[in-house]
Amino acid sequence: MKIQGKMFLWLSVFILIMAVVYGVWSKEPAGATALVMAFGLSVMIGFYLAFTARRVDAGAQDDKEADVADDAGELGFFSPHSWQPLSLAVGGALAFLAIAMGWWLLYFSAPLILVGIYGWVFEYYRGENQNQ
């Protein structure tokens, strides 16, 4: 985590220099303000990572002699056969289409979204996949 903290802090220095150069050359306040805010966000992330790195053990990314496989581990469980994302995608597409076409379309998209969320959350609590 130390290297990520250093990277973000150096990035924040670069963004600050670019904000000053952009502000002086362009005399445009919106872009300079956006760059100063990006500097602030980068400092916050860098400080958090550097602060946290002192409290946790060194990871494989902090060892210069480490291999890529040293940081490998379990990524989690991903359902290989779930239909719920399709329901959420269709419901979400109809919900965004409702903004352009008319709010009445939300009456059709809301049930699809709710069924998709409910099905995805409780997918392994019922049916044939209950004991996985």
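Is K27 buried or exposed? K27 is exposed, because its relative accessible area is 68%, and the threshold for exposed is over 50%. The model is a predicted one. K27 lies in the loop between α1 and α2, so the residue is a convenient place to start the tour. The backbone of K27 has a positive phi of about 55 degrees, although K27 is not a glycine. Most residues other than glycine have a negative phi.

Step back from K27 into the helix that precedes it. K27 follows α1. Helix α1 covers residues 2–26. What span should its 25 residues have at 1.5 Å a residue? The expected span is 36 Å, and the end C-alpha atoms of α1 are 36 Å apart, which agrees. UniProt, in an unreviewed entry, places the feature "transmembrane region" at residues 7–25, 31–51 and 88–121. Over residues 7–25 the chain is 100% helix and 0% strand. The end C-alpha atoms of that stretch are 27 Å apart.

Now look at the residues of α1 one by one. K2 belongs to helix α1. K2 counts as partly exposed, because its relative accessibility is 49% and exposed means over 50%. Leaving aside neighbours within four places in sequence, K2 is in contact with A53 and D62. K2 and A53 are 51 residues apart in sequence, yet their C-alpha atoms are 5.5 Å apart in space.

Further along α1, the buried residues are worth marking. G5, S12, I15 and A19 are buried in this helix. What do the buried residues of α1 pack against? They pack against α2, residues 29–53. S12, in helix α1, gives one example. S12 is buried because its relative accessible area is 3%, and buried means under 20%. Not counting residues up to four places away in sequence, S12 touches F39, S42 and V43.

Cross the loop to α2. Its 25 residues should span 36 Å at 1.5 Å a residue, and its end C-alpha atoms are 36 Å apart, which agrees. The buried residues of α2 are G31, A32, S42, G46, L49, T52 and A53. These buried residues pack against α1. Two of the names have come up before. S42 is one of the residues that S12 touches, and A53 is one of the contacts of K2.

V36 is also in helix α2. At 43% relative accessibility, V36 counts as partly exposed. V36 and A69 are 33 residues apart along the chain, and their C-alpha atoms are separated by 38 Å.

How do the two helices sit against each other? Two packed helices are described by the angle between their axes and the distance between the axes. The axes of α1 and α2 come within 8 Å and cross at roughly 165 degrees. Angles over 145 degrees count as roughly antiparallel. The two helices are therefore roughly antiparallel to each other. Their crossing is left-handed.

Move on to the last region in the UniProt record. Residues 88–121 form one of the stretches given there as "transmembrane region". Over these residues the chain is 88% helix and 0% strand. What separates the end C-alpha atoms of residues 88–121? The separation is 12 Å.

Two helices come into play here. Helix α3 covers residues 84–101, and helix α4 covers residues 106–121. The axes of α3 and α4 come within 8 Å and cross at roughly 155 degrees. They are therefore roughly antiparallel to each other. This crossing is left-handed. From α3, the contact is made by Q84, P85, S87, L88, V90, G91, G92, L94, A95 and A98. From α4, the contact is made by L106, S109, L112, I113, V115, G116, I117, G119 and W120.

S109 offers a closer view of this contact. S109 is found in helix α4. S109 counts as buried because its relative accessibility is 1%. Which residues does S109 touch, not counting those up to four places away in sequence? S109 touches G91, L94 and A95.

Notes:
Residues numbered from 1 in each chain as written. Predicted model: local features only at pLDDT ≥ 70, side-chain atom pairs only at ≥ 80, totals over all residues. Heavy atoms only, no water. UniProt positions renumbered as here; feature names shortened; annotations may be inferred. Helix = DSSP H or I, 4+ residues; strand = E, 2+ residues; numbered from the N terminus. Expected span 1.5 Å × (residues − 1). Buried < 20%, exposed > 50% of the residue type's maximum accessible area, 1.4 Å probe, protein only. Contact = heavy atoms within 4.5 Å. Axes fitted to C-alpha atoms, helices over the stretch in contact; angles between N-to-C directions. Parallel < 35°, antiparallel > 145°, perpendicular 65-115°, else oblique. Left-handed = near helix turned anticlockwise from the far one by under 90°.
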